[in-house]
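Subject: Structure for you to look at

Dear colleague,

I am handing over the structure below, together with some notes on what was found in it. Please read the notes with the coordinates open beside them.

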Amino acid sequence: MEVKKSVRFREDVNVDKGSTSQMTDTKDTSDINELALALAKHAIDAAVKSVEEAEHPVKNINWITHGEFTAERGCKQIEEFVSKWEYQGRWVHYTEFLRREDVIHSFYYIYCVHWSIPTARIPIAQISAGVYFTIKINKNKPPDAPIDVSYVFESQRLVHRPGMTRFREKWLRDIIEAKHILIDPNIFQFNSIGIFQNILGF
């Protein structure tokens, strides 16, 4: 018995793929250009940051250990740390111990560094900016373990750690300016002609 197989031959149609190939090449080139630009921007940003850190290194102090800690010593350490910040001489500040919070495994010592700018017109500043420090004392850590310190600027959520961020005076100025605007909204209208800066002494 003969079995017949039916076979079909399909002819390949030769389509000119030149235009498609050219589009793919253009797309690949643009992708490479975008990647190269992104890498170059990243390298430039890293170089600028490196130069800034070299010119203005992030300053820190030697923090005391759990065994050496008292609320008074914590206050002195915060004062020492803040004195390393770079700011204009017109700023004055003082550190206040607020409270101790007893959490399950730790004690949290909360401090506030109040900043203000007294002027000849207003020798006792009515508005201040606060920087809130938290010193965490872990009940289970050995006495020679260093204390854990963090701080936040008033009305901000970003948590800073000593030795990780360079202080910027602008952060304090922004807080003071915002409070002035809340007290007297009309000041905001005059800000563009410089009256507001004169009020603050900037």
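I begin with the interior of this predicted model: the largest nonpolar core has 32 residues, of which Trp85, Tyr111, Trp115, Val131, Phe133, Ile135 and Phe153 touch the most other members. Helix 2, strand 2 (106–116), strand 3, strand 4 and helix 3 each supply at least two residues of this core. As a general point, nonpolar side chains tend to be buried together in soluble globular proteins.

As for the overall layout, the secondary structure of the chain comes to five helices and four strands, and along the sequence these follow the pattern α-α-β-β-β-β-α-α-α. Of the 202 residues of the chain, 28% count as buried. Among the contacts with a separation of 6 or more, 50% are accounted for by residues 24 or more positions apart.

Turning to the strands, strand 1 and strand 2 pair in the antiparallel sense over ten bridges, and a hairpin of three residues joins strand 1 to strand 2. Within this pairing, Val92 stands opposite Ser116 in strand 2.

Helix 3, which covers residues 169–183, has 15 residues and reaches 22 Å from its first C-alpha to its last, close to the 21 Å expected at 1.5 Å a residue. Its buried residues are Glu169, Trp171, Leu172, Ile175, Ile176, Glu177 and His180, so that the list holds charged residues such as Glu169 and Glu177 as well as nonpolar ones such as Leu172 and Ile175.One residue of that helix, Ile175, also appears among the contacts of Glu154, a residue found in the loop between strand 4 and helix 3. Leaving aside its neighbours within four places in sequence, Glu154 is in contact with Ser128, Ala129, Gly130, Tyr132, Ile175 and Lys179. With Gly130 there is a polar contact, in which the side chain of Glu154 reaches the backbone nitrogen of Gly130 at 2.7 Å.

Finally, the charged pairs: side chains of opposite charge can pair when their charged atoms come close. The count comes to six salt bridges, and three of them are described here.

The side chains of Lys59 and Glu86 meet in a salt bridge at 3.7 Å, N to O. This pair links distant parts of the chain, with Lys59 in the loop between helix 1 (18–55) and helix 2 (71–82), and Glu86, 27 residues apart from it, in the loop between helix 2 and strand 1 (92–102). Lys59 counts as partly exposed, at 39% relative accessibility, and Glu86 is partly exposed too, with a relative accessible area of 41%.

A salt bridge between the side chains of Asp102 and Lys139 has an N to O distance of 2.8 Å. Here again distant parts of the chain are linked, for Asp102 lies in strand 1 and Lys139 in the loop between strand 3 (129–138) and strand 4 (148–153), 37 residues apart. Asp102 is exposed, with a relative accessible area of 53%, because the cut-off for that class is over 50%, whereas Lys139, with 39%, is partly exposed.

The side chains of Glu101 and Arg99 also meet in a salt bridge, at 2.8 Å from N to O. Both partners count as partly exposed, Glu101 at 31% relative accessibility and Arg99 at 41%.

With best wishes

How values were computed: Residues are numbered from 1 along each chain as its sequence is written. This is a predicted model: local features need pLDDT of at least 70, side-chain atom pairs count only at pLDDT 80 or more; totals for chains, interfaces and linings use all residues. Side-chain values use heavy atoms; hydrogens and water are left out. A salt bridge is a side-chain nitrogen of Lys or Arg within 4 Å of a carboxyl oxygen of Asp or Glu. Buried means under 20% relative accessible area, exposed over 50%, partly exposed in between (1.4 Å probe, protein chains only). The expected span of a helix is 1.5 Å times one less than its number of residues. A nonpolar core is a set of buried Ala, Val, Leu, Ile, Met, Phe, Trp, Tyr and Cys residues joined through side-chain atoms within 4.5 Å. Two strands pair if DSSP finds at least two bridges between them. A polar contact is a pair of N or O atoms within 3.5 Å; within protein, one must be able to donate a hydrogen and the other to accept it, and residues adjacent in sequence count only if both atoms are side-chain atoms. Contact means heavy atoms within 4.5 Å.
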